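Open your viewer, get the selection tool ready, and follow along one stop at a time.

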Amino acid sequence: MKRLVILGGGYGGMKILHKLLDLGLPTDVEITLVDRNPYHSLKTEFYAIAAGTTSDKDVRFDFPIHEQIQYVYDEIIKIDTNEEQVLLRDSDPIPYDYLVIALGCEDNYHGIEGAAEFTESVQTIKRARHAGYRVGNLDAYKTVAIVGAGLSGIEVASEIRESRPDLNVRLLDRGGSVLSAFDRKIQNYVEDWFKKNDVEVLHHSNVEYVEKDAVCNNGLCFLSDVTIWTAGVKPHHLARELPYEKDQQEKIVTNAFYQVPQNEHIYVVGDCVSSEHSPSAQLAGQQGEQISEVLFAVLHGKEPLAPKKLKLKGALGSLGKNDGFGNMYKQPMTGMLPRLAKSGVLWLNKRH
């Protein structure tokens, strides 16, 4: 039997799994998927869990059942590329013939003292739950600080404002405008939304350190009852530890087939692989689809075709439940339409 091991049940790993099942698995292939959780979850909705507006049961789904697929729910300790096996915390090592690294990303604290210890996160469903628990238990007039004004920070801040109008919400933005990667029209629209909804935005922020109940920014420390970190990500530490070439973001450099050049039986997808595009669920899904086609050919003993250039459709974000923004096919859009579009994407994911 050929042993294919997939590390991570996120967008990339799940797309590979589903696509291989759709294409038809060879009878001599056995797939093992390893994840710490016994379900797939929609990471794009973790901001709503942190705000308490969505239950985690609404964004998690069972893995597909198939006689050639087995699941191991455990913490990965090490990827041993010399012995071609994956070491786990509480389970026996898992050997592989083909390996897919789909481990996603972690918060990047940029070396800021206290950030890892004293901030909440939306990078995993477990940590989003914890953030939601703390926000939900705050008394009236307490303060929530969100560090980072990219897509995640915007969605967290707006959802908390809509969920808890009694709280003080402060957003720390390192630049001169929120959503630096988006069109100026979108930036202005979101800035206006925050002004109308009484969300304080501190531009040109420079967080120096974080304490249990305070954030120290530009020489001034202010009280914060809950601080949520959304100021950047980096590839999973297990991927960063591998002895392969990395780009400036510490992502693994692969060939055109998403294979590690030194070990072409190892594939990398999503936040762990070097790409010209910014990390997103959409990117991981498209990469996963291409990898599944490559793997399908390889597992059948055929020469794979080089994947085509990726064409992303855009990015969508929410401002609470009834407003939003997005770049859709390179056109900036604001208001109800992009919010409905995002809800439609979520519905399609759930239906799939």
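A polar contact here is a pair of N or O atoms within 3.5 Å; within protein, one must be able to donate a hydrogen and the other to accept it, and residues adjacent in sequence count only if both atoms are side-chain atoms. Helices (H or I, at least four residues) and strands (E, at least two) are DSSP runs, numbered from the N terminus. Before you click, note that this is a predicted model: local features need pLDDT of at least 70, side-chain atom pairs count only at pLDDT 80 or more, and totals for chains, interfaces and linings use all residues. Residues are numbered from 1 along each chain as its sequence is written, and side-chain values use heavy atoms, with hydrogens and water left out.

**Stop 1: helix 6**

Select Asp183, which caps the N-terminal end of helix 6 with a side-chain oxygen 2.8 Å from the backbone nitrogen of Lys185. Now color the buried residues of helix 6 (buried means under 20% relative accessible area, exposed over 50%, partly exposed in between, with a 1.4 Å probe and protein chains only): Ile186, Gln187, Val190, Glu191, Trp193 and Phe194. They sit on the same side of helix 6, because they cover an arc of only 155° around the axis, taken from the directions from the helix axis to the C-beta atoms. Turn to the face away from that buried side and you will find the exposed Lys195 and Lys196. Past the helix, pick Asp198, whose phi is positive, near 60°.

**Stop 2: Asp173**

Step back to the loop between strand 12 (168-172) and helix 6 (184-196), where Asp173 is found. Which side chain of opposite charge is nearest to Asp173? That is Arg184, 8.4 Å away, and the buried Asp173 has no salt bridge. (Lys and Arg count as positive, Asp and Glu as negative; His and the chain ends are not counted. A salt bridge is a side-chain nitrogen of Lys or Arg within 4 Å of a carboxyl oxygen of Asp or Glu.) The side chain of Asp173 does reach the backbone nitrogen of Ser177, at 3.4 Å.

**Stop 3: salt bridges**

The whole structure holds 18 salt bridges. Try Arg36 and Glu75, whose closest N and O atoms are 3.3 Å apart; this pair links distant parts of the chain, 39 residues apart. Next, show Arg127 and Asp107, which meet at 3.7 Å, N to O. Arg127 lies in helix 4 and Asp107 in strand 10, so the pair ties together parts that are 20 residues apart in sequence. Finish with Asp56, Arg60 and Arg129, linked in a network of salt bridges.
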